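The following exercises are to be worked with the sequence and the three-dimensional model at hand. Each task is followed by a solution that proceeds step by step.

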Amino acid sequence: MKSCLLACLLVSTFSFGWSQSQMAPKKSLTAIRIQEQITPDANLDEAAWQTAPEATDFLFFWPTPGRPSTQRTVVKVIYDDFALYIGAYCYDTQPDSIFHRITKRDELENSDFFAVVIDTYRDGQNAVQFGVSPDNVQFDSKFSLANANGNNGNNDGEDPAWDAVWQSSARITADGWVAELVIPYNALRFPKKEKQEWGVNFYRAIKRHGENDSWNEIKADISGTLAQTGILTGIENIKSPLRLSATPFIAGYADNIYNQPGAGWNYPWSVGLDVKYGINEAFTLDATIIPDFGQVRSDQQVLNLSPFEVQFQENRPFFTEGTELFNKGGLFYSRRIGANSQLLNATKISGRTQKGLGIGIFNALEEAKVITETDEETGAQVRTPISPLTNNNILVLDQNLKNNSSITFINTNVMRSGAVLDANVSGLLFNLKNKAQSYGLNGKVVVSNRIAPENKESGYTVVLSGAKTSGNFLWGSDFVLESDRYNPNDLGLLFSPNEVSHVFWINYNRYKPWWKLNNYWSSLWMFNGALYQPFGQWTETSFGFNFGGNTRNFQNFGFNSNVSPWGENDYFEPRTNDFKTYYHLPARLNMYAWYNSDNRKRLTFYLEGGTRIFKEDGRIGSSFYTGIRWRASDKFTLGLNAGSELSNNNIGGLWSWDIHEDATGYEALPENPVVLGRRNIVGLSNSANVTYSFNTRMNLTLYARHYWQKAEYDRFFSLNDEGQLVESPYTGATASGTPLNDIAVNFFNIDLVYTWRFAPGSDILVVYKNGVNHADFGPEVRRGYWYHVGRLPNYEGSNSLSVKILYFLDFETIKKNGFQI
C-alpha cells in the first residue's frame with residue numbers, strides 16, 4: 001500500500017507542465033565620479049546630482065509581479081575616492097498619505113522605504129543592503145545563499161543582524177520624499193581591479209498600497225533575487241581604505257538575587273573591546289576581547305518534557321553578524337560557545353577572493369571553570385573543575401561556481417585541555433544550479449569524530465536533495481542518512497541521529513492575482529523514515545498538505561495538515577539510547593491554521609492554532625495563540641500576545657534521575673528500567689512588547705513574558721517487545737499518595753532597554769532585567785494557574801540594572817578628520 005501511494009505521487013508529478021520562466025534582461029546604470037564634496041541632507045542640490053544618469057521605470061515584484069509601479073522613482077549614483085552616494089527621489093501623488101514611523105534602527109514596522117542591494121562580486125550569492133524610511137530610520141542587512149533555506153522561493157538568506165556604519169538623510173517633500181545615502185567603502189568588500197562592475201538593485205515600498213517595487217525586474221517564479229539584479233558600471237580606480245575600527249566598551253552592573261540562599265546585591269563591572277580590521281580589500285578580521293553579553297534579551301525558557309534539548313535563539317551580536325560562511329551545512333550552533341564558562345575572546349576572519357573562493361576562520365576560547373567550596377569537616381577549600389579550558393575552531397572554504405552554484409568544505413574542531421573529550425567534524429557540501437536557475441541539486445557528506453583517552457566514536461551523514469526551483473509547479477526530493485554514531489553536537493546541534501529518511505514534495509504556487517487572492521501557495525508531501533542501525537527498521541510514514549495565501553485586502557492565511565496512518569515507532573521517548581527499545585505511537589492527524597490581518601492598519605491581530613488527534617481514546621492535543629499590535633502613534637507601538645497549550649493523556653518517558661526511589665513500586669523495577677508516564681499537560685503564556693522612539697537615535701523598549709506550564713501524571717507503564725504500553729509497578733507517588741513526578745514551572749522575565757546612538761556606531765545602553773525561574777513538584781502542581789501567578793513575588797529570582805557605553809573609532813575617519821567626540 002505504501003509503495004502504491006508513492007508511485008501515484010511520482011506519476012502525478014510528471015503529468016504537470018514543464019514551462020520555464022526566463023530571467024528578465026539586466027538593466028544597467030552608470031555611476032559618475034565627482035570631485036566636489038557632497039553633504040547628505042536629502043536636498044540633492046549639488047551639481048553632480050543634476051548630470052548623473054537616472055535609474056527609473058520601477059516594476060512591481062510583489063504582489064503583482066511585472067506591473068509598472070504606481071508611483072515614479074528616480075535613482076542616481078555618484079562616487080568619489082571615499083564613498084558611494086545614492087540619491088533617490090520617491091515621487092508620490094499623495095505625499096500626505098505616505099506611511100512613515102519613527103522606530104528603532106533595523107525595525108521599520110509599517111513604513112515606506114527605499115533600499116539598495118549591492119553584489120560587488122556579481123556572484124549572485126552574496127550581497128549587502130542599505131535602506132532608509134522617510135523619517136531616516138536606517139536598516140541594513142547581509143545576504144548569503146549559505147543561510148538560505150530550501151530550494152524554492154525567493155529566499156536569499158538575509159541576515160538583518162549585520163550592521164555597518166554609514167550616513168543617510170531623508171525628508172518628505174511636496175511631491176513625495178527624498179533619500180540620500182552615503183556608503184563608505186569600508187562598509188563594502190570589492191575586488192581589487194581598475195574597473196568595477198557590481199550587481200545592484202533598488203527597491204521601494206509603498207505601504208498604503210501594499211506595494212513593493214524593484215528597478216531590475218524580479219520574477220517571483222524564479223528562485224532567488226540576488227541572481228536578478230541589474231548592473232552598476234562606471235566605478236573606476238577606487239581602493240579599499242584602511243578598514244580598521246575599534247569599539248571599546250565599559251559596563252557596570254547592580255545585580256540582585258532574592259528569595260534564595262546567597263541573596264543580596266553585588267556590583268560587577270567589565271571592560272572590553274571589539275576590533276574590525278580589513279586585512280585586504282576582500283578579507284576582514286573581527287575580534288571580541290573579554291566580551292560582555294549581559295544585556296542581550298533573556299531566553300524564552302520552556303518546560304522541556306521531550307528527550308531532546310531545547311534550541312535557543314542566538315541574541316549575542318558577535319555571533320549573529322557576519323556568520324554566513326560558518327553557518328553553511330548546519331554544523332555550527334553558536335549557543336555552544338560560552339554555554340558553561342566565560343568566553344575569553346572570539347575571532348573570525350572571512351572574505352572572498354577574486355576567483356570566488358570564500359574563506360572563513362572562526363576561533364573562540366573559553367576559560368576553565370572551577371568552583372571552590374569549603375569542606376564542612378576539615379574547613380579546607382576544595383576546588384572542583386566544572387569545565388576545562390576549551391578552544392573552538394571552524395574553517396570554511398567555499399568556492400563559487402557557475403550559475404550561482406558552489407562547493408564547500410567545512411571543519412569544526414573542539415579541543416579541551418586535559419584528558420577529556422575532543423571533537424572534530426568535517427563536511428563537504430555542494431549546491432548546483434542550471435543556467436536558467438530552474439533546477440537545483442545540493443547535498444553534503446559529513447564525518448564526525450569524538451576522541452576520548454580510551455576510545456574514539458565516529459559517524460557520518462549523507463544528504464542529497466534535488467528540486468525544480470522555478471515556475472508555478474515545483475517539486476523536489478530529499479534523502480537523509482545519519483549513522484547511529486554520528487554526533488556533531490560539541491559545536492553543532494542534532495536532535496536525533498540513526499536515521500534514514502526520504503521526503504518527496506510537490507508545490508503549486510500562483511504569483512499573480514486570482515479570484516480574491518493576490519497570490520497563493522500549496523504543497524503535497526510524503527515522508528518515510530527508518531533506522532540506520534538496525535538498517536531499514538521502519539519508524540514512520542506520513543503525508544501532508546499545506547495551503548496558504550494573501551488576499552487582495554492583504555490578509556494572510558494558511559493551513560497545514562499531516563497524517564501518520566500507521567503511527568510511529570519512537571526510539572527516543574523510552575530514553576534508553578540503545579535503538580532496541582521503542583514506543584509505538586498510535587496513528588495521528590495534525591492540523592494547524594493561522595491568520596494575520598492587514599498589516600497596513602494601525603491595529604492588527606493574528607490568530608493561529610491547531611490540534612493533534614490520536615487513534616486512542618481520550619488522547620488529544622491542542623494549541624492556540626493570538627495577539628495584537630497597536631501602532632498608537634508614529635512613535636509608540638504596543639504588542640500583546642497570549643497562548644495556550646493542552647495535551648490530554650500524553651505519553652512521555654522518564655529519565656533515570658526522574659524515577660524516584662521513595663515511590664511505591666520502585667523496588668519491583670528491574671535494573672535500568674524503562675518507565676513512561678501518562679500525563680495531562682496544560683500551559684499558558686503571555687507577553688507584552690512596548691516600544692517608544694524619542695527620535696531615530698533614541699528609543700525605549702519593554703519586553704515582558706510569563707510562561708506557566710504543568711504536567712500531572714496518573715499512570716506509569718513499561719514497554720513490551722512490540723512497543724506497546726504495559727502496566728509498570730512504579731506508581732510515581734509515596735505510600736501516602738504524594739505525587740513525585742508532577743511538575744509545574746513559572747518563568748517570568750522583564751527586559752527594559754533604553755538605547756541612545758549618540759554618535760555613528762556608538763551607543764549608550766541602560767538595561768533593567770528581572771527574571772523568575774521556578775519549578776514546583778508534588779502537591780503544589782495540582783493547584784491552578786492563578787495560584788502560581790499570585791506566588792510569583794515569593795519565588796526565587798534576580799534583577800539587574802546595568803549601564804554600557806560603546807564608542808566606535810574608525811581610524812580612516814580619524815586620519816581624515818581628526819579625533820572627535
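**Exercise 1. Placing an aspartate**

In which loop is aspartate 41 found? Determine also its exposure and its surroundings.

Solution. The model is a predicted one.
Step 1: Aspartate 41 belongs to the loop between β2 and α2 (47-51).
Step 2: Its relative accessibility is 26%. Buried requires under 20% and exposed over 50%, so aspartate 41 counts as partly exposed.
Step 3: Once residues up to four places away in sequence are set aside, aspartate 41 touches Ser169, Arg171 and Glu180.
Step 4: A polar atom of the aspartate 41 side chain lies 3.0 Å from the backbone nitrogen of asparagine 43.
Step 5: For aspartate 41 and asparagine 590, the C-alpha to C-alpha distance is 55 Å, with their positions 549 residues apart in sequence.

**Exercise 2. Reading an open sheet**

Establish the strand order of the open five-stranded sheet and identify its edges.

Solution.
Step 1: The order is β2-β4-β5-β11-β10, and the pairing is mixed.
Step 2: β2 (32-33) and β10 (167-173) each have a single partner strand, so one side of each is left without a neighbour in the sheet; these two are the edges.
Step 3: Within the sheet, β5 (residues 83-91) and β11 (residues 176-184) run antiparallel and are joined by nine bridges.
Step 4: Opposite alanine 83 stands proline 184 in β11.

**Exercise 3. A strand with two partners**

Describe the pairing of β18 with β17 and with β19.

Solution.
Step 1: β18 spans residues 283-289, and five of its seven residues are buried, so that the strand is mostly covered.
Step 2: β17 (residues 269-278) is antiparallel to β18, with six bridges between them. Valine 275 has alanine 287 in β18 as its bridge partner.
Step 3: The connection from β17 to β18 is a hairpin through four residues.
Step 4: β19 (residues 343-352) also runs antiparallel to β18, through seven bridges. Here threonine 288 has alanine 346 in β19 as its bridge partner.

**Exercise 4. Nonpolar cores**

Locate the largest nonpolar core and state which strands supply it.

Solution.
Step 1: The largest core has 37 residues, and those with the most contacts inside it are Leu84, Ile86, Phe114, Ile118, Phe130 and Phe202.
Step 2: At least two residues of this core come from each of β4 (73-79), β5, β6 (113-119), β7 (126-132), β11, β12 (195-206) and β14 (230-236).
Step 3: Another core, of 22 residues, lies apart from it and includes Leu325, Phe326, Ala423 and Val425.

**Exercise 5. Classifying aromatic pairs**

How many aromatic pairs does a search of the whole structure find? Classify two of them by geometry.

Solution.
Step 1: The search finds 40 aromatic pairs.
Step 2: Phenylalanine 190 and tryptophan 198 are 5.9 Å apart, centre to centre, with 40 degrees between the planes, and the pair is tilted. Both residues are buried.
Step 3: The ring centres of tyrosine 692 and phenylalanine 694 are 5.0 Å apart and the planes stand at 80 degrees. Planes over 60 degrees apart count as edge-to-face, so this pair is edge-to-face.
Step 4: Tyrosine 692 is partly exposed at 31% relative accessibility, and phenylalanine 694 is partly exposed at 36%.
Step 5: One aromatic cluster is formed by Phe473, Tyr508, Trp514, Trp515, Tyr520, Phe547 and Phe557.

**Exercise 6. A serine and a tryptophan**

Is serine 483 buried or exposed? Describe its setting, and then that of tryptophan 538.

Solution.
Step 1: Serine 483 lies in the loop between β28 (473-482) and β29 (499-510).
Step 2: Its relative accessible area is 3%, so serine 483 is buried.
Step 3: Neighbours within four places in sequence aside, serine 483 is in contact with Gly459, Tyr460, Pro497, Asn498 and Tyr532.
Step 4: Tryptophan 538 lies in β31 (residues 538-551), and its side chain makes a polar contact of 2.9 Å with that of threonine 541.
Step 5: Tryptophan 538 and valine 500 are 38 residues apart in sequence and 9.2 Å apart from C-alpha to C-alpha.

**Exercise 7. Confidence**

Where does pLDDT stay under 50?

Solution.
Step 1: The chain averages a pLDDT of 92, and 96% of the residues score at least 70.
Step 2: pLDDT stays under 50 over residues 1-19, which have 18 contacts beyond four places in sequence.
Step 3: It also stays under 50 over residues 150-154, which have 19 such contacts.

Terms used. Residues are numbered from 1 along each chain as its sequence is written. Side-chain values use heavy atoms; hydrogens and water are left out. Buried means under 20% relative accessible area, exposed over 50%, partly exposed in between (1.4 Å probe, protein chains only). Contact means heavy atoms within 4.5 Å. Two strands pair if DSSP finds at least two bridges between them. A polar contact is a pair of N or O atoms within 3.5 Å; within protein, one must be able to donate a hydrogen and the other to accept it, and residues adjacent in sequence count only if both atoms are side-chain atoms. A nonpolar core is a set of buried Ala, Val, Leu, Ile, Met, Phe, Trp, Tyr and Cys residues joined through side-chain atoms within 4.5 Å. pLDDT is the predictor's confidence in each residue, from 0 to 100. Rings of Phe, Tyr and Trp (its six-membered ring) pair if their centres lie within 6.5 Å; planes under 30 degrees apart count as stacked, over 60 as edge-to-face and the rest as tilted.
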